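Hi there,

Here is the structure I promised to pass on to you. Have a look at it below, and then read on for what I found.

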Amino acid sequence: MKKSLKAALVLMLIVSMAFVAACSGNAKETAGGASGDPITIALSPWPGWYMWYLVEEKGFFEKHGVDVKLEFFPVYSDSLQAIAAGKVDANSQTLSDSLAPLSKGIGLKAVLVNDNSFGGDAIVSKPDINSIQDLKGKTVATELGTVDHFLLLTALAENGMDEKDIKYVNMTVNDAGPAFISGNTDASVLWEPFQTTAVKEGKGKVLYSSKDTPGLIPDLLVFRESVVKNRPEDVQKIVDAWFDALAWYEDNKDEAIKLLAEKAETTPEDFKLGLDSIKLFGVEDNVKAFEKHDDYTSLSYTGLKTADFLHKLDMVDKLDSVDELLDPKFVNHKAGK
């Protein structure tokens with residue numbers, strides 16, 4: 001969720017649409033709520049989420065006997081609106097973007113961790129800036145309330161600094177990248193593919209990234225709660241198909257990357273750069289993520305820390321736990337637990 005005026009309106013729209021859908025009971029008419037209908041999974045431009053095309057193209061949905069329709073949203077926030085309104089059954093989205101609906105009592109269930117950002121989100125700075133401390137008094141742009149804003153504040157806190165020590169500019173990632181390239185900011189916090197573009201075209205360098213904070217930015221498969229309740233067998237088949245596709249990918253990387261690059265309309269070389277900036281999550285990674293730990297390897301811990309961050313920005317209601325969002329039974333079943 002975003003805190004800019006545009007994004008604040010999007011948040012209100014998402015919440016209101018979700019309540020309308022829940023109260024009217026019409027969500028099943030536009031998504032696969034009824035048994036036998038295809039289950040619709042939304043995805044957006046992010047390296048880990050393109051992997052759903054591998055699941056589809058290599059026949060893993062068919063292998064597990066589940067009818068799935070993938071729906072691509074070039075604009076990520078549109079996918080958030082779609083799941084809130086019941087237009088799709090599931091969405092590929094970040095943990096942080098699942099917290100505002102949770103705080104409003106909207107029924108969503110995270111059933112799978114697709115990946116963690118592992119360098120895919122980064123503070124990109126001018127070449128003469130060599131440390132986070134060097135950002136003191138410098139202009140740094142990213143969008144308020146996003147995971148990249150959270151990454152920036154985490155980096156500052158680790159170095160005994162806070163937002164008052166920099167000249168913070170609230171700017172969308174679509175604008176923050178070009179602003180850095182044109183020299184209007186000393187640093188910008190960006191995700192892929194904007195990050196790589198800024199490094200290449202803006203002669204920048206990665207000063208700090210999500211690789212320095214493993215687990216801070218998890219990317220999830222999130223279902224509407226009613227689908228999980230009414231069609232658990234199909235949800236399990238989808239989770240199983242995902243893990244089968246990951247196993248196939250490990251044995252056929254060149255073929256997979258070529259296929260996925262075509263879907264992303266980029267070169268295999270550039271798509272591989274994106275994949276290198278994330279950590280795809282297999283079965284055991286998922287089991288561990290759904291367990292409780294006092295660090296960012298745990299969705300429960302990360303979710304609560306992120307919720308506190310968003311609450312301070314008045315973007316979510318106070319949450320004492322995020323466990324209601326998390327549904328580990330499908331990955332646990334796959335792991336034989």
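Of the 337 residues in the chain, 55% count as buried. Please keep in mind that this is a predicted model. The chain exposes about 14400 Å², and carbon and sulfur atoms supply 51% of that area. Its secondary structure comes to 16 helices and 11 strands. Among the contacts with a separation of 6 or more, 80% are between residues 24 or more positions apart.

Let me take the sheets next.

One open sheet has six strands in the order β2-β1-β3-β10-β4-β11, and its pairing is mixed. At the edges stand β2 (68-72) and β11 (278-280); each has a single partner strand, so one side of each is left without a neighbour in the sheet. From one strand to the next, the twist averages 30°. If you want a place to start, try strand β1 (residues 39-43), which pairs with β2 in the parallel sense over five bridges. There you can pick out T40, whose bridge partner in β2 is K69.

The other open sheet to look at has five strands, ordered β7-β6-β8-β5-β9, again with mixed pairing. Here β7 (167-170) and β9 (205-209) are at the edges, and because each has a single partner strand, one side of each lacks a neighbour in the sheet. Neighbouring strands of this sheet are turned by 30° against each other on average, direction ignored. Strand β6 (residues 139-142) runs parallel to β7, and four bridges join the two. Within that pair, V140 stands opposite Y168 of β7.

Two helices that pack on this five-stranded sheet are worth finding on your screen. Helix α7 (residues 147-158) touches β5 (121-125), β6, β7, β8 (187-191) and β9, and its direction makes about 65° with that of β5. Helix α8 (residues 173-181) touches β5, β6 and β8, and its direction makes about 135° with that of β8.

Now for helix α15. With 14 residues at 1.5 Å a residue, α15 should span 20 Å, and its end C-alpha atoms are indeed 20 Å apart, so the two values agree. Which residues of α15 are buried? They are L299, S300, T302, G303, T306, A307, F309 and L310. The cover over these buried residues includes α6, β4, α7, β10 (218-224) and α14 (283-290). You will notice that α7 comes up twice: it packs on the five-stranded sheet, and it is also among the elements covering the buried residues of α15.

Finally, the salt bridges. The structure holds 16 of them, and I picked out a few for you.

K58 forms a salt bridge with E255, and their closest N and O atoms are 2.6 Å apart. K58 lies in the loop between α3 (51-57) and α4 (60-63), while E255 is in helix α12 (residues 253-264), so the pair ties together parts that are 197 residues apart in sequence. Both partners count as partly exposed, K58 at 31% relative accessibility and E255 at 40%.

K104 forms a salt bridge with D317, the closest N and O atoms being 3.3 Å apart. Why does this pair tie together parts that are 213 residues apart in sequence? Because K104 lies in the loop between α6 (99-103) and β4 (108-117), whereas D317 lies in the loop between α15 (299-312) and α16 (329-334). K104 is partly exposed at 37% relative accessibility, and D317 is partly exposed as well, with a relative accessible area of 36%.

D308 forms a salt bridge with K318, with 3.3 Å between the closest N and O atoms. D308 belongs to helix α15 and K318 to the loop between α15 and α16, so this pair ties together parts that are 10 residues apart in sequence. D308 counts as partly exposed at 24% relative accessibility, and so does K318 at 49%. There is also a network to look for: salt bridges that share partners join K63, D244 and K334.

Happy exploring, and do write back with any questions.

Best wishes

Notes:
Residues numbered from 1 in each chain as written. Predicted model: local features only at pLDDT ≥ 70, side-chain atom pairs only at ≥ 80, totals over all residues. Heavy atoms only, no water. Salt bridge = Lys/Arg side-chain N within 4 Å of Asp/Glu carboxyl O. Buried < 20%, exposed > 50% of the residue type's maximum accessible area, 1.4 Å probe, protein only. Pairing = 2+ DSSP bridges. Axes fitted to C-alpha atoms, helices over the stretch in contact; angles between N-to-C directions. Contact = heavy atoms within 4.5 Å. Areas by Shrake-Rupley, 256 points an atom, 1.4 Å probe, with all protein chains shown as cover. Expected span 1.5 Å × (residues − 1).
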